[in-house]
Amino acid sequence: MDKLVINGGKKLGGEISVHGAKNSVLPILASTLLIKGESVIHNVPSLTDVDASVRILEYLGAKVKRDGDVLTVNAAEITKNSIPEDMMREMRSSIIFLGSLLSRTKEAYICYPGGCDIGVRPIDLHISSLKKLGAVITENGNCLYCKAPSFHSAKIILTFPSVGATENIIIASVLSRGKTTIINAAREPEISDLAAFLNSCGARIFGAGEGTVEIEGVENLYPCEHTIISDRIEAATYMSAAALNAEELTVKNVKIQHLSPILPVFAEMGCRLRYDNGVMKVSSPKRLKRVRYIKTMPYPGFPTDCQAIVMAALTKSYGTSVINESIFEGRFKHISELNRFGADITVNDGSAIINGVKSLYGANVYCTDLRGGAAMVIAALAAEGKSTVRDIYHIDRGYEKIEENLALAGADIKRISDEKEETDTAKEKS
Ligand code: UD1
């Protein structure tokens, strides 16, 4: 397994470019199953979660080609209607395949999804919503047998604006009979991107990105091309790295509208942000200021996906910051790892209390999940001495070439595979 070795204390500078959004490309790839032809998707990041989606599509019979950041999916022929458990367990967003597979094959057999270990991640909203659209779903141990000869219209009121459930309803409804309305839909930019893709293919989705989404079913979708929006969480990650480790860093391919929930936090930390035409320049003070209170919320609130990475930046701030996590109850596992660097963070009743310290020190740490892993890298860049970050397969799920990007910006960071290390040690001994 690979690990990152980071010699901290180097100032970052120069430019880092943001890739296409992981959370957009995954549902869009799943929805290509609805199109009996070739979908051409641009700006696709190279991530293990994308590879996992491609494996599922190919298993189901789609032909997938990759040329740089362009992915072509031809789903003219779909030959299977079940997804093996090991493929489902590779990532949580595999549940997005339920709506699309069921719409395409009318019958599907899938198992419960996997994904980051950030607490209980039920799929009850996905299941109850698809049932409202006419699916008959029977549980069989860890797997689900689902039948939907045809989806019909429904008014679905979500008790929580779940991103994945909203996406599954949209995907399942575009080829249904009649008009489906989602009340309390998730409003994340990735929902709008999914709708933009499907609408280019002929779907009739209205209000995506707002709390009420209407989907008028159409008979057919036709092939189209689409460019994935830039990844707001990757942008926020590099901005957090800059806040802690750079006098000035330029982050390119940024969509400022999508960052509006986090910009006030960077301002409160004392960062100066200058934005022009997709380029964000982050200038940081010598020592960041504390942020009085952050609460993670559904979009347009502060994203739970930015909680760990901003926490890493705050470890060395002046004063005490509080972050309340309201989306995933298990999303504080990175705290004990951050404390290994010498950070002073405690948890009280769903809130992390971060007492800023003057210095962090090199440490051996583990990635506990995707964003928690990114937090380890940010802290290691600021720590005095050498750090080793292990279990970076979590990071590879959501960041394309994180070490190359950061090295180009001046970080002393290397990826080392255990295999190579063993070979090197054997050579030294012989
Ligand atoms: C998506 C994002 C993830 C982000 C999360 C919240 C993708 C691929 N992943 O995940 O990066 O952290 O949104 O912004 O887009 N819930 C239920 N029942 C359900 C579904 C969800 O109780 O059926 C709960 C979850 O346990 C969680 C909350 O709703 O507490 C948010 O989950 P949801 O919005 O569905 O997140 P995901 O779509 O899994």
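The following dialogue examines the ligand site and helix H6 of a predicted model.

Trainee: Why is the pair formed by Leu125 and the ligand called a polar contact?

Mentor: A polar contact is a pair of N or O atoms within 3.5 Å. A backbone N or O atom of Leu125 lies 2.7 Å from an oxygen atom of the ligand, so the pair meets that cut-off.

Trainee: Which part of Asp305 makes a pair with the ligand, and which part of Ile327 does so?

Mentor: For Asp305, an N or O atom of the side chain is 2.6 Å from a ligand oxygen. For Ile327, a backbone N or O atom lies 2.6 Å from an oxygen atom of the ligand. The protein buries 86% of the 740 Å² that the ligand exposes when taken alone.

Trainee: Which elements give two or more residues to the shell around the ligand?

Mentor: They are helix H5 (124-132) and helix H6 (163-173). H5 provides the largest share, three residues. By class, the shell divides into eight nonpolar, six polar and five charged residues.

Trainee: What makes H6 largely enclosed by the rest of the structure?

Mentor: A residue is buried when its relative accessible area is under 20%. Of the 11 residues of H6, 10 are buried, and therefore the helix is largely enclosed. Among them are Gly164, Glu167, Asn168 and Ser173.

Trainee: What caps the N-terminal end of H6?

Mentor: Ser162 does, with a side-chain oxygen 3.5 Å from the backbone nitrogen of Gly164. Ser162 is also one of the residues that come nearest to the ligand, as are Arg92 and Asp124.

Technical notes
Residues are numbered from 1 along each chain as its sequence is written. This is a predicted model: local features need pLDDT of at least 70, side-chain atom pairs count only at pLDDT 80 or more; totals for chains, interfaces and linings use all residues. Side-chain values use heavy atoms; hydrogens and water are left out. A residue is near a molecule or strand if one of its heavy atoms lies within 4 Å of it. A polar contact is a pair of N or O atoms within 3.5 Å; within protein, one must be able to donate a hydrogen and the other to accept it, and residues adjacent in sequence count only if both atoms are side-chain atoms. Accessible areas come from the Shrake-Rupley method with a 1.4 Å probe; for residues, only the protein chains shown count as cover. Helices (H or I, at least four residues) and strands (E, at least two) are DSSP runs, numbered from the N terminus. Ala, Val, Leu, Ile, Met, Phe, Trp, Tyr, Cys and Pro count as nonpolar, Asp, Glu, Lys and Arg as charged, and the others, Gly among them, as polar. Buried means under 20% relative accessible area, exposed over 50%, partly exposed in between (1.4 Å probe, protein chains only).
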